[in-house]
Amino acid sequence: MARIVGYIASSLDGFIATADENLDWLTQQPDLNLGEFDYRNFIARIRTVVMGRATYDWIERYPGAWEYDGKRVIVVTSRPIDNPKGPLETRSDIPALIAELRALDDGDVWMLGGGKLQMTFMQQGALDEIEIYIISEIIGGGIPLFPPTGLRSTGKLISAQALHSSCARLHYSFD
């Protein structure tokens, strides 16, 4: 059975992007070395990437190559994607998708992107673990790590580590 995991960065004040979807507060961190927790190590163990439509649209606008070659990519959307940036599948039925993902046995599933889809999976009891990288930048507003939904849940803290003078890693599991 596949584990469904999150891997996401947040500003110190709880945002994953500025209001205009800018990530410069994250991408311009000087000498940020996450060692064994580096994105390249994380993505190497992922077989399936799941993202919402807003994340896909952001990736499509971002210059550069499709970063998910060799991965199964699923975009949760009810609208068709014309001329996708890379190979992908679409789904709109979240409970059916969760059942499909749980039946996989070829590697972990990554909930890529913003907290909206991750929160939907949490509400369904389907997010097993999340790694949150807190970057010591206050960006003053933007897109929140998790949108307010009224969900109350308690994760179990697996570990908390300072990785750099400007980054802490929090790793939680949800049962």
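**Two crossing helices and a pocket**

In this predicted model, the axes of helix α4 (residues 94–102) and helix α5 (residues 115–123) come within 11 Å and cross at roughly 80 degrees. Axes here are lines fitted to C-alpha atoms, for helices over the stretch in contact, with angles from 0 to 180 degrees between N-to-C directions; helices are DSSP runs (H or I, at least four residues), numbered from the N terminus. So α4 lies roughly perpendicular to α5 (65 to 115 degrees). Where they meet, Ile94, Leu97, Ile98 and Leu101 of α4 touch Leu117, Thr120 and Phe121 of α5 (heavy atoms within 4.5 Å). Six of these contact residues are nonpolar, one is polar and none is charged (Asp, Glu, Lys and Arg count as charged; Ala, Val, Leu, Ile, Met, Phe, Trp, Tyr, Cys and Pro as nonpolar; the others, Gly among them, as polar).

Then there's the largest pocket, an open set of points on a 1 Å grid where a 1.4 Å probe fits, with protein on both sides within 12 Å along at least five of seven lines. Its volume, the space filled by probe spheres set on the points, is about 1,500 Å³. Of its 47 lining residues (an atom within 4 Å of a point), Leu23, Leu26, Trp58, Leu112 and Gly113 sit closest to the centre. Helix α3 (residues 53–61) gives the most to this lining, five residues.

Residues are numbered from 1 along each chain as its sequence is written, and side-chain values use heavy atoms, leaving out hydrogens and water. Local features need pLDDT of at least 70 and side-chain atom pairs 80 or more, while totals for chains, interfaces and linings use all residues.

Terms used. Angles under 35 degrees count as roughly parallel, over 145 as roughly antiparallel, 65 to 115 as roughly perpendicular and the rest as oblique.
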